Amino acid sequence: MPETSLGRPRTIDEAKQRAKALRKAMNANGVKISYGQALERVAAEIGYRDWNTAVARLSNEPPFSIQVGDIVSGTYLKQPFAAEVLAVELIGGGSHYRVTLHLEEAVDVVTFDSFSAFRQRVHGTVDDTGVSPSRTSDGEPHLVIRPLVSAFA
């Protein structure tokens with residue numbers, strides 16, 4: 001199935017674009033579906049029961065946005081933190097952010113009992129939901145960011 005430039009549709013317009021692309025691709029392969037059927041398939045693909053549910057949820061989903069100076073919380077290598085955003089760069093055509101955070105308190109990023117490695121300055125990449133595509137060996141995201149307070153609000 002064709003992907004939008006941002007991966008999973010985050011807005012109603014992106015979901016509609018995905019449905020149009022799906023319909024075109026299926027028609028090109030000899031499978032005729034209506035635009036309405038394509039919308040229903042996209043809704044199911046992104047985890048919703050039907051198109052009406054997807055529209056209601058997508059329109060209520062707040063966009064992920066952080067700026068330098070924002071205060072954020074989250075987890076870094078499974079350790080909870082609160083931090084200030086020191087740098088943020090939009091990458092991947094708008095689908096990812098490269099961030100630098102200064103943690104209020106250093107976190108121990110080593111799970112071995114007789115060794116510690118504390119980090120207070122953290123660099124990472126997160127997607128447009130605030131979750132790092134990089135994972136630990138047990139599948140947890142390296143970095144998860146939740147905006148708390150915008151410096152410009």
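## A buried arginine and its surroundings

At 1% relative accessibility, Arg18 counts as buried, because the cut-off for that label is under 20%. Keep in mind that this is a predicted model. On average the chain gets a pLDDT of 86, and 89% of the residues score at least 70. The weak spot to know about is residues 1–6, where pLDDT stays under 50; the model has 17 contacts beyond four places in sequence for that stretch.

So where does Arg18 sit? It belongs to helix H1, which runs over residues 12–28. H1 has 17 residues and reaches 24 Å from its first C-alpha to its last, close to the 24 Å expected at 1.5 Å a residue. Its buried residues are Glu14, Ala15, Arg18, Ala19, Leu22 and Met26. These cover an arc of only 140 degrees around the axis, so they end up on the same side of H1. Flip to the other side and you find Asp13, Gln17, Lys20, Lys24 and Ala28, which are exposed. Just after the helix, Gly30 takes a positive phi of about 85 degrees.

Now for the charged pairs. Side chains of opposite charge can pair when their charged atoms come close. The count here comes to four salt bridges, including these three:

| Salt bridge | N to O distance |
|---|---|
| Glu45 and Arg18 | 2.1 Å |
| Asp138 and Lys78 | 2.5 Å |
| Arg98 and Glu89 | 2.9 Å |

Back to Arg18: its salt-bridge partner is Glu45. That pair links distant parts of the chain, with Glu45 in helix H2 (residues 35–45) and Arg18 in helix H1, 27 residues apart. While Arg18 is buried, Glu45 is partly exposed, with a relative accessible area of 37%.

Asp138 and Lys78 also form a salt bridge. This pair links distant parts of the chain too: Asp138 is in the loop between strand E4 (118–127) and strand E5 (143–149), Lys78 is in the loop between E1 and E2, and 60 residues separate them. Asp138 is partly exposed at 48% relative accessibility, and Lys78 is partly exposed at 44%.

What about the strands on either side of Lys78? E1 (residues 71–76) and E2 (residues 79–91) pair in the antiparallel sense over six bridges. Val72 stands opposite Ala83 in E2. The two strands form a hairpin with two residues between them, and Leu77 in the turn has a positive phi of about 50 degrees.

That leaves Arg98 and Glu89, whose side chains meet in a salt bridge. Arg98 is partly exposed at 41% relative accessible area, and Glu89 is partly exposed at 40%.

How values were computed:
Residues numbered from 1 in each chain as written. Predicted model: local features only at pLDDT ≥ 70, side-chain atom pairs only at ≥ 80, totals over all residues. Heavy atoms only, no water. Pairing = 2+ DSSP bridges. Helix = DSSP H or I, 4+ residues; strand = E, 2+ residues; numbered from the N terminus. Expected span 1.5 Å × (residues − 1). Buried < 20%, exposed > 50% of the residue type's maximum accessible area, 1.4 Å probe, protein only. Arc of directions from axis to C-beta. pLDDT = per-residue confidence, 0-100. Contact = heavy atoms within 4.5 Å.
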